[in-house]
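The exercises that follow ask the reader to work through a structure step by step, with the sequence and the model at hand. Each task is followed by a worked solution.

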Amino acid sequence: MLTEPHGDSREILALDTPIRIAERLAEQFAITAPERDTLGGTPKAERDALRSSGLLALSIPTEYGGLGASWRETMDVIRVLSRADSSIGHVFAFQHLMLATVRLFSRPDQWGAWFEQTARHNWFWGNALNPLDRRTASRRLDGWYEFSGKKSFCSGAFDSEMLIVSAYEQEEARKLIIAAIPTARSGVNVIQDWDNFGQRQTDSGSVNFERVRIEEQEVLADPGPLSTPFACLRPLIAQLILTNIYAGIAEGAYADARKYSLNEARPWHRSLAERFEDDPYVLHHYGEFWASLDAVRVMAERAADMLDAGWQKGELLTEVERGEIALAIASAKVLATRTGLDLCTRMFEVTGARATHAGLGLDRYWRNLRTHTMHDPIDYKLLELGEWALKQQYPKPTFYS
């Protein structure tokens with residue numbers, strides 16, 4: 001049984017720190033990660049352990065019953081969980097992205113109530129926003145909206161208590177309506193059709209909406225999506241979350257490769273080293289791994305500190321300040337993507353042929369990272385950085401930049 005002591009934020013902080021709770025959970029998750037990766041489906045026991053841990057309220061301010069963590073602290077926990085199991089790290093990270101969405105797009109009386117209920121009842125939030133999927137339409141009626149259609153890539157929707165949903169108004173096709181609703185709402189059908197080769201336990205399948213009633217109080221319209229520089233921090237939080245998931249995957253791959261190199265691998269027959277760990281080629285690879293991971297950590301932490309500074313400014317945040325944060329996060333994400341894909345491939349050069357045994361599941365690191373990185377092409381992140389480097393143009397705010 002995967003459990004953690006739980007209570008309100010003061011009790012949790014008195015007993016332990018969020019990072020230590022995350023580290024203990026990660027140790028438990030890592031034991032079954034290869035097997036669960038093969039099985040796919042919903043990691044119900046692990047999700048319930050996160051509920052019991054109190055970490056679902058990590059980023060919620062203490063005055064609303066949460067732990068009041070900074071974004072730097074939240075990203076650290078995401079990276080720790082992703083080392084052990086990037087699917088768990090993913091759904092946990094999206095919990096805090098959804099909470100940031102309601103905070104940035106809605107009124108205090110809306111997000112304050114949702115924060116309090118989430119902290120009190122350990123609600124899990126799922127994602128059914130996906131603005132690129134335009135199949136869900138919104139129809140405005142007398143004081144409420146009706147959503148009908150389908151959404152794809154709905155990470156964490158299954159086994160959630162709340163959903164962030166979106167649809168395009170039929171009357172004004174370019175207007176995106178975003179709302180927060182209970183997952184159990186009549187007409188909402190979460191479909192378990194996620195069967196990709198990586199991130200197999202993120203439940204990133206589809207959600208079908210059949211004449212779902214959305215109340216005015218549930219719509220995130222004041223100030224609304226991407227309406228101010230502060231509201232435009234939402235996509236940057238998403239990008240930094242991905243950066244830390246990628247960094248966590250790379251760190252997990254490095255840790256497993258190191259363990260195998262020290263305990264299982266054998267020197268190649270032409271090596272002059274008596275022990276595998278003394279082979280100069282092996283040491284060369286590990287030196288490159290370490291330097292690259294160190295650079296990713298430094299850049300990710302710098303970006304998180306800049307995000308925290310911008311978050312503290314609130315509505316006083318300027319477009320220029322937002323632009324500087326966007327550049328820092330984009331640079332960190334590019335490096336995390338390239339470092340992770342390189343390390344998750346080259347790790348087999350420091351482990352040997354026996355490390356490809358299916359039972360070890362070491363290939364899951366590359367599969368998870370490759371799957372995740374395909375959903376937001378690095379070429380377009382480099383395009384944004386190139387526009388700054390050459391023309392001094394900050395990235396234009398979208399849901400992906």
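A residue counts as buried when its relative accessible area is under 20%, as exposed when over 50%, and as partly exposed in between. The model is a predicted one, and the solutions should be read with that in mind.

**Exercise 1. Aromatic contacts of Trp311**

Task: Classify the ring pair of Trp71 and Trp311, then classify the pair of Phe230 and Trp311, and place each pair along the chain.

Solution. Begin with burial: Trp71 has a relative accessibility of 5%, which is under the 20% limit, so Trp71 counts as buried. A search of the whole structure finds 13 aromatic pairs. In one of them the ring centres of Trp71 and Trp311 lie 5.5 Å apart with their planes at 80°, and because planes over 60 degrees apart count as edge-to-face, this pair is edge-to-face. Trp71 belongs to helix H4 (residues 71-84) and Trp311 to helix H8 (residues 280-313), so that the pair links distant parts of the chain, 240 residues apart.

The next step is the pair of Phe230 and Trp311, whose ring centres are 5.3 Å apart; the planes meet at 55°, and the pair is therefore tilted. Since Phe230 lies in the loop between S7 and helix H7 (233-263) while Trp311 is in helix H8, this pair ties together parts that are 81 residues apart in sequence. Phe230, at 3% relative accessibility, also counts as buried.

**Exercise 2. A cluster and two charges over rings**

Task: Which residues form one aromatic cluster with Trp290, and over which rings do the charged ends of Arg297 and Arg47 sit?

Solution. The cluster is formed by Tyr254, Tyr286, Phe289 and Trp290. Trp290 has a further contact, for the charged end of Arg297 sits over its ring at 5.2 Å from the centre. The charged end of Arg47 sits over the ring of Phe124, 4.0 Å from the ring centre.

**Exercise 3. Salt bridges between helices**

Task: Trace the salt bridges of Glu301, Glu251 and Arg346, and state for each pair whether its members are buried or partly exposed.

Solution. The structure holds 37 salt bridges. In the pair of Glu301 and Arg79 the N to O distance is 3.4 Å, and the two residues, in helix H8 and helix H4 respectively, are 222 residues apart. Glu301 counts as partly exposed at 23% relative accessibility, whereas Arg79, with a relative accessible area of 6%, is buried.

Turn next to Glu251 and Arg83, whose closest N and O atoms are 2.6 Å apart. Because Glu251 lies in helix H7 and Arg83 in helix H4, this salt bridge ties together parts that are 168 residues apart in sequence. Here Glu251 is the buried member at 7% relative accessibility, while Arg83 is partly exposed at 33%.

In the third pair, Arg346 and Glu288 meet at 2.5 Å, N to O. Arg346 is in helix H9 (residues 319-346) and Glu288 in helix H8, with their positions 58 residues apart in the numbering. Arg346 counts as buried at 14% relative accessibility, and Glu288 as partly exposed at 33%.

To finish, look for wider connections: a network of salt bridges links Arg72, Asp76, Arg79, Arg83, Glu251, Asp294, Arg297, Glu301 and Asp305.

**Exercise 4. A strand and its partner**

Task: Which side chains of strand S6 point to the buried face, and in which sense does S6 pair with S7?

Solution. In a regular strand the side chains alternate between the two faces of the sheet. Strand S6 (residues 188-191) shows this alternation, with Val188 and Val190 pointing to one face and buried, and with Asn189 and Ile191 pointing to the other and not buried. S6 pairs with strand S7 (residues 206-215) in the antiparallel sense, over four bridges, and the bridge partner of Asn189 in S7 is Asn208.

**Exercise 5. Backbone geometry**

Task: Where is the cis peptide bond before Pro223 located, and what are the phi values of Gln199 and Gln392?

Solution. Most residues other than glycine have a negative phi, and most peptide bonds are trans. The bond from Asp222 to Pro223 is cis, with omega near 15°, and Pro223 is in the loop between S7 and H7. Gln199 has a positive phi, near 45°; this residue is found in the loop between S6 and S7 and is buried, with a relative accessible area of 2%. The phi of Gln392 is also positive, near 55°, and Gln392 is in the segment after helix H11 (378-391).

Terms used:
Residues numbered from 1 in each chain as written. Predicted model: local features only at pLDDT ≥ 70, side-chain atom pairs only at ≥ 80, totals over all residues. Heavy atoms only, no water. Buried < 20%, exposed > 50% of the residue type's maximum accessible area, 1.4 Å probe, protein only. Pairing = 2+ DSSP bridges. Phe/Tyr/Trp six-rings, centres within 6.5 Å; stacked < 30°, edge-to-face > 60°. Lys NZ or Arg CZ within 6 Å of the ring centre and 35° of its normal. Salt bridge = Lys/Arg side-chain N within 4 Å of Asp/Glu carboxyl O.
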